[in-house]
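Have your viewer ready and your selection tool at hand. We will walk through this model one stop at a time.

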Amino acid sequence: MEKNSLEQKFSKFIVLVSILIPVVVALLFSVKLKDFGFHVEPLSFLPPIYATINGVTAVVLVVGVLAIKNGKRKLHEQLMTTAIALSVVFLVMYVAYHMTSDSTKFGGEGMIRNLYFFILISHILLSIAVIPLVLITYVRTLAEKFDKHKKIAKITFPIWLYVAVTGVVVYLMISPYYV
């Protein structure tokens with residue numbers, strides 16, 4: 001398969017996934033299993049686990065960038081694939097938690113409240129924006145378009161890192177308010 005056609009082949013998939021994930025997450029966020037007669041215990045143990053996964057993702061991203069800067073391409077590929085897998089595991093846990101648990105309200109006041117919502121909103125918006133960026137970056141590697149990969153990776157990396165780090169920050173800020 002020609003490398004250009006590989007990018008073209010995945011373009012519709014990238015658009016579809018980039019739209020479906022945020023829409024499905026938003027819909028599932030409002031769905032509670034108990035509303036459908038499923039009597040499941042809240043998965044209240046998940047937030048510290050998925051926050052830790054976000055932290056590990058941030059470390060993996062940084063180590064992955066250091067690997068490629070040191071010429072360790074195979075290690076870089078493995079670490080970036082791991083970061084994608086960790087992000088998928090995070091997403092599954094996040095949705096599972098919110099389908100079984102009521103949302104936690106942030107209890108802080110004043111400037112800390114404003115800071116929390118700034119971080120939360122930027123985290124959410126950038127987590128949506130990073131989906132197509134990650135997928136395009138990854139497909140450009142598969143297509144062996146390394147010059148194009150490097151250009152978009154310079155945009156993808158800081159956004160993805162911000163999302164991973166702020167995921168931990170949001171958890172740390174709201175965790176005192178979990179019931």
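As you look around, keep in mind that this is a predicted model.

**Stop 1: the largest pocket**

The residues of the lining of the largest pocket divide into 33 nonpolar, nine polar and two charged. To find the spot, select Phe90, Leu91, Tyr94, His123 and Ser127, which lie nearest the centre of this pocket among the 44 residues that line it. The volume here is about 1200 Å³.

Now colour the helices that take part. H1 (3-30), H2 (46-69), H3 (73-100), H4 (111-142) and H5 (146-174) each supply at least two residues of the lining. Which helix gives the most to this lining? Select H4: with 12 residues, H4 is the top contributor to the largest pocket.

**Stop 2: the second largest pocket**

Next, move to the second largest pocket, which holds about 660 Å³ of space. Select Ile68, His76, Thr137, His149 and Ala153, the closest to the centre of this pocket out of 24 lining residues. H2, H3, H4 and H5 each bring at least two residues to the lining. Here the largest share comes from H5, with nine residues. By type, the lining of the second largest pocket splits into 13 nonpolar, six polar and five charged residues.

**Stop 3: Thr166**

Go to Thr166 in helix H5. Is Thr166 buried or exposed? Its relative accessible area is 6%, so Thr166 is buried, given that the cut-off for buried is under 20%. Show the side chain and you can trace how it reaches the backbone oxygen of Val163 at 3.3 Å. Then display Ile119 and His123, the contacts of Thr166 once neighbours within four places in sequence are left aside. You have met His123 already, as one of the residues nearest the centre of the largest pocket.

**Stop 4: Leu86**

Swing over to Leu86, in helix H3. With a relative accessible area of 18%, Leu86 counts as buried. Which residues does Leu86 touch, leaving aside neighbours within four places in sequence? Select Ile53, Val56, Thr57 and Val60 to see these contacts. For a distance check, draw a line from the C-alpha of Leu86 to that of Phe10: the two are 21 Å apart in space and 76 residues apart in sequence.

**Stop 5: the aromatic rings**

The model has 11 aromatic pairs. Start with Tyr50 and Tyr97, an edge-to-face pair with 6.2 Å from centre to centre and 65° between the planes. Because Tyr50 lies in helix H2 and Tyr97 in helix H3, this pair ties together parts that are 47 residues apart in sequence. Both Tyr50 and Tyr97 are buried.

Keep Tyr97 selected and add Tyr178. The planes of these two rings stand at 85° and their centres are 6.2 Å apart, so this pair is edge-to-face. It links distant parts of the chain, with Tyr97 in helix H3 and Tyr178 in the segment after H5, 81 residues apart. How do the two partners sit with respect to the surface? Tyr97 is buried at 5% relative accessibility, whereas Tyr178 is partly exposed, with a relative accessible area of 26%.

**Last stop: the cluster**

To finish, select Tyr50, Phe90, Tyr94, Tyr97, Tyr171 and Tyr178 together, and you will see one aromatic cluster. Phe90 and Tyr94 bring you back to where the tour began, since both are listed among the residues nearest the centre of the largest pocket.

Conventions:
Residues numbered from 1 in each chain as written. Predicted model: local features only at pLDDT ≥ 70, side-chain atom pairs only at ≥ 80, totals over all residues. Heavy atoms only, no water. 1 Å grid on protein atoms, 1.4 Å probe; cavity = no way out; pocket = protein on both sides within 12 Å on 5 of 7 lines; lining within 4 Å. Points joined across faces, edges and corners; volume = space filled by probe spheres on them. Helix = DSSP H or I, 4+ residues; strand = E, 2+ residues; numbered from the N terminus. Nonpolar A, V, L, I, M, F, W, Y, C, P; charged D, E, K, R; others polar. Buried < 20%, exposed > 50% of the residue type's maximum accessible area, 1.4 Å probe, protein only. Contact = heavy atoms within 4.5 Å. Polar contact = N/O pair within 3.5 Å; in protein donor to acceptor, adjacent residues only side chain to side chain. Phe/Tyr/Trp six-rings, centres within 6.5 Å; stacked < 30°, edge-to-face > 60°.
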